[in-house]
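Biologist: Hi! Could you walk me through this model, starting with the ligand?

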Amino acid sequence: MTKPNYYITTPIYYVNGLPHAGSALTTITCDVLARYHRMIGFNSWLLTGTDENATKVQEAAAKAGMPPTSFVDGLASEFRSAWNSLHIDYDDFIRTSEPRHILACQRFFQELVDRGYVYLDSYEGWYSVSDETFYLDDKVKDGFAIETGKPVIRVTEQNYFFKLSAFSDRLLKYYEDHPEFLKPDQRKNEVIGFIKEGLRDMCITRTNKGWGIEVPGDSTRVIYVWFDALINYLAATGWPDAPDWSERWPAALHVMGKEIFVRFHATLWPAMLMALDLPLPGQVYAHGWWTARGLQGKLGKSTGGLPTPAQFNHLLMKKAGIDADTAADAQRYILCREMNFGHDTDFTMDNCLRRYNTDLANDLGNLLNRSINMLGKFLDGIVPGVPLAAENTDIPALAEVVCVEYAAAMEDIRPNQALEAVWRLVSRLNKYVDESAPWSVAKRRESDPTADAVLQTILYNCLESARIATVLIQPFMPHASIKMLAQLGIIPSDQPPTWTDTEWGGLQGGTRTQPPLPIFPRIQDLALTEDDQVAIGLVAEEQKTPKGDTKPVSQEVTASSNIDKGPADAELNSTAAEPLITIDDLMKVQLRVGEVLAAEPIPGASKLLRLTVQLGDDDTRTILAGIAEYYDAETLPGRQVIVVANLQPRKMRGIESQGMLLAADIDGKAVLLQPDSPVAPGAKVR
Ligand code: ME8
């Protein structure tokens, strides 16, 4: 039986700088999803590549004093080797300077002309080279694009336009008929809002300044880089001339950061495909950004703050004493587990290293190590047969539930939650070992004839759960999971595991385990020295402070920021040392339990949610909270919260906020406080 196709794409990255933890996150996520789909029986095909025809790439080459072609060749190979070093198993790597891409672009353009979707007109407006985006007058203030804060230049050019405005209704209908097309849901609303504001025809060429793909039949102009770039997804299938291009197209999934979702991937690209009567991709998904506490916008090539994959790997190798392959797997795990998919997430190296120690060295390492060691000590290192239910436990059922949760999270592109599910199993098992104390059961064996079966059951449960966890983490850590399976005595196969391997009972009795050498040794010293910070590019060599005056990285970022986070965020993030207060002062603050009745975003205020909170039978408040980046509005109704009930009302965005919610500040992320168990709304907090 032929397997169904799963064609997944990353964005193609601009070659104006090296890859970093942002581009790595998207690429790793796509690789994880491709591997997961292979595991569940799909014929996965992963495409990545480089976007080379941009003005900013031409400018970067000029700045480096290099001819653009050798500049892009060098960086394209940097991207390839970065992805290879991160175990990205891409099936194709497309460069937009390749003949196959140029041919596809020119044919696409010509077909649009032939179908009457292109016309020549004069363009007068703004262009941001940094964003590679055209902006209208009302989207620009004082020489900067309002949306991104990037500089713009005035452009007056005769250009070709694509009749994008003709597609508004068709696009809206398509989104309605295909609820899975745009994900996550909150971003779909942004797209609908963008189209309803009024789609205008789009300028799709620029004056030819010696770089870019020439417009067919008009060498004075080149194709606008975004119009060219999107076509890569189709060009890589062999469109238009390869006889089998339609076996691969349409792609199942395009993944990208949210900044290139609304305007380009969710609007322009589907309209372009509709114009040529080509099928649309199955889904377009936008993840949030790595951000820094106190800084607005995404971290990236121009802001710094994100290590390259090589820098990240070297730090892990040095700190944990592991080899490059293990470090690469650890980096894959850490990025996927740290990112709160669908939302923005602060990136700090301290968090990444802590994550390594808690999840990999402690939780996972402990489970494997203890289980195999105990098997060696008590049962000569030989796995017992699938035990009779001598010891009735929740473990096999939990393993099954975890597999279901993991699969649901992967289908919904929440890799962090898929990993959370696996770690529930891992943590439960570590607790189970403590509770069932196999070492005491082993001692009882001489006097108690039932003890042997109990011991065998406990150890089987541990080893079998470790095996299932290892299978589930294979898409994330393909190299380390082979090592872990080998320690469990499972001969590495050249075929990756399949979903059947997640079924309980796969570990065969009689299997001989191997010595459990720690795969992820603990990092003894988590502190980042100044040399470490230089090594990961967070501090430039020349910015090193005199000895003894080193600041942690996360503070470094905050200190360098002068961006006002707005009143709600400032309240949530305040960590300044306050003078001590008396009990009388404390009694002035009235804290009450509230229940969220409704929650909704506030148009134009990306950080605020407007909540309706019940504080008792006759006390319902409107409260504005700066938590939109951390909570989806639809998940809040029904949730209990702690409210400062006697705070003077204040107006934000024209709405009066009648109280404040208490939240913990976890590295800049707000985590709402709630009672341990449900209580009547209005109850006093003492
Ligand atoms: O936009 N957090 O290329 P690009 C998370 N060539 N992801 C990030 C990130 C961050 N701080 N910074 C970058 C382009 N990314 C175009 C794409 S596709 C037809 C053309 C990731 O080099 C994220 O996936 O600017 C984002 O969309 C992409 O890098 C932008 O890469």
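**Around the ligand**

Modeller: Sure! An oxygen atom of the ligand has a polar side-chain atom of Thr26 2.7 Å away, which is a polar contact (a pair of N or O atoms within 3.5 Å; within protein, one must be able to donate a hydrogen and the other to accept it, and residues adjacent in sequence count only if both atoms are side-chain atoms). Keep in mind that this is a predicted model, where local features need pLDDT of at least 70 and side-chain atom pairs count only at pLDDT 80 or more, while totals for chains, interfaces and linings use all residues. Residues are numbered from 1 along each chain as its sequence is written, and side-chain values use heavy atoms, with hydrogens and water left out.

Biologist: Which backbone atoms lie by a nitrogen atom of the ligand?

Modeller: A polar backbone atom of Ile12 is 2.8 Å from a nitrogen atom of the ligand. For Leu299, a backbone N or O atom lies 2.5 Å from a nitrogen atom of the ligand.

Biologist: How much of the ligand's accessible area does the protein cover?

Modeller: On its own the ligand has 670 Å² of accessible area, and the protein covers 97% of that. These areas come from the Shrake-Rupley method with a 1.4 Å probe; for residues, only the protein chains shown count as cover.

Biologist: And how many residues surround the ligand?

Modeller: There are 26, and Asp51 and Trp290 are among the closest. A residue counts as near if one of its heavy atoms lies within 4 Å.

Biologist: New topic: what about aromatic pairs, how many are there?

Modeller: The count comes to 33. Rings of Phe, Tyr and Trp (its six-membered ring) pair if their centres lie within 6.5 Å; planes under 30 degrees apart count as stacked, over 60 as edge-to-face and the rest as tilted.

Biologist: Is the pair of Tyr175 and Phe181 stacked or edge-to-face?

Modeller: Their ring centres are 6.2 Å apart and the planes are at 15 degrees, so the pair is stacked. Tyr175 is buried at 3% relative accessibility, and Phe181 is buried with a relative accessible area of 1%. Buried means under 20% relative accessible area, exposed over 50%, partly exposed in between (1.4 Å probe, protein chains only).

Biologist: And Trp249 with Trp269?

Modeller: That pair is edge-to-face, because the ring centres are 6.1 Å apart with the planes at 75 degrees.

Biologist: Last one: how many disulfides does the structure hold?

Modeller: Zero, where a disulfide is a pair of cysteine sulfur atoms within 2.5 Å. For Cys30, the nearest cysteine sulfur is that of Cys336, 10 Å away.
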